Amino acid sequence: MSRILIIEDEEAIADLEKDYLELSDFAVDVCSDGESGLATALEGDYDLVILDLMLPGMDGFEVCRLLREKKDIPVLMVSAKKDDIDKIRGLGLGADDYITKPFSPSELVARVKAHLARYERLVGSGVKPNEVLEIRGLRIDKTARRVSIDGEEKNFTTKEFDLLAFLAEHPNHVYSKEELFRRIWNMDSVGDIATVTVHIKKIREKIEADSSNPQFIETIWGVGYRFRV
Ligand code: CA
């Protein structure tokens, strides 16, 4: 059974969507604000998210952006204004579809089914196994862009993931902060290399048992960082 998360602050609309989706044999959860919706979407094992744009607190644009950094499930955005749809497209948030209010519940269900079918085809067609790096309990799934340590999954931002994966793919090689910044942030300018330090710190907090005595990413004083194998 596919699991759907509805993030919608208007109770009547959320109830209507939920009823119709449940009639079509979907398991449905509802969150009524952006913050709890994002947290639930990230923690839960959902197959699709229906995301209202105008939400109290964190709006749908922000929820979509943050969700997309970590998960690759279909997002169907719901908006009361046609203008918002142009904005969603313009921002390139990675929403898979848009539907304007008012819509018929059967149209919503049809769209949900179409996206799930398309997504399953994409995932199912990938016969290749995921590309995975495993080093002393650290598991980096490059295909799914997921990281776990001793079986516990950790949330990584896009750049944190890129940086860790790059270092792990080039073990025993010392990289300067400047070089890492150029490679991961794709900028030729010197930029703010402190960004690298901040990201290394965050990665260590997630994967190291003791950040002050790192076992994976070593600091080579005055030079840069090296991934230990
Ligand atoms: Ca709303």
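**Exercise 1.** In this predicted model, find which residue Thr219 stands opposite in E12, then place that pair in its sheet.

*Solution.* Thr219 stands opposite Tyr225 of E12. Strand E12 covers residues 224–227 and pairs with E11 in the antiparallel sense, over four bridges. Next, take the whole sheet: it is open, has three strands in the order E10-E12-E11, and its pairing is antiparallel. Strands E10 (174–175) and E11 (217–220) are at the edges with a single partner strand each, so each has one side without a neighbour in the sheet.

**Exercise 2.** Describe how H6 lies relative to E10, E11 and E12, and check the span of H6 against 1.5 Å a residue.

*Solution.* H6 lies across E10, E11 and E12, and runs at about 65 degrees to E12. Helix H6 (residues 158–169) has 12 residues, which should span 16 Å. The end C-alpha atoms of H6 are 16 Å apart, in agreement with that value. Buried residues of H6 include Phe161, Leu164 and Leu167.

**Exercise 3.** Which residues coordinate the calcium ion, and are Asp9 and Asp52 buried or partly exposed?

*Solution.* The calcium ion is coordinated by Asp9 (OD), Asp52 (OD) and Met54 (O), at 2.1 to 2.3 Å. Along the chain, these donors follow the spacing D-x42-D-x1-M. Asp9 and Asp52 are 43 residues apart and link distant parts of the chain: Asp9 is in the loop between strand E1 (3–7) and helix H1 (11–23), Asp52 in strand E3 (residues 48–52). For accessibility, apply the cut-off of under 20% for buried. Asp52 has a relative accessible area of 3% and is therefore buried. Asp9, at 33% relative accessibility, counts as partly exposed.

How values were computed
Residues numbered from 1 in each chain as written. Predicted model: local features only at pLDDT ≥ 70, side-chain atom pairs only at ≥ 80, totals over all residues. Heavy atoms only, no water. Donors = N, O, S within 2.8 Å, 3.2 Å for Na, K, Ca; no water. Helix = DSSP H or I, 4+ residues; strand = E, 2+ residues; numbered from the N terminus. Buried < 20%, exposed > 50% of the residue type's maximum accessible area, 1.4 Å probe, protein only. Expected span 1.5 Å × (residues − 1). Pairing = 2+ DSSP bridges. Contact = heavy atoms within 4.5 Å. Axes fitted to C-alpha atoms, helices over the stretch in contact; angles between N-to-C directions.
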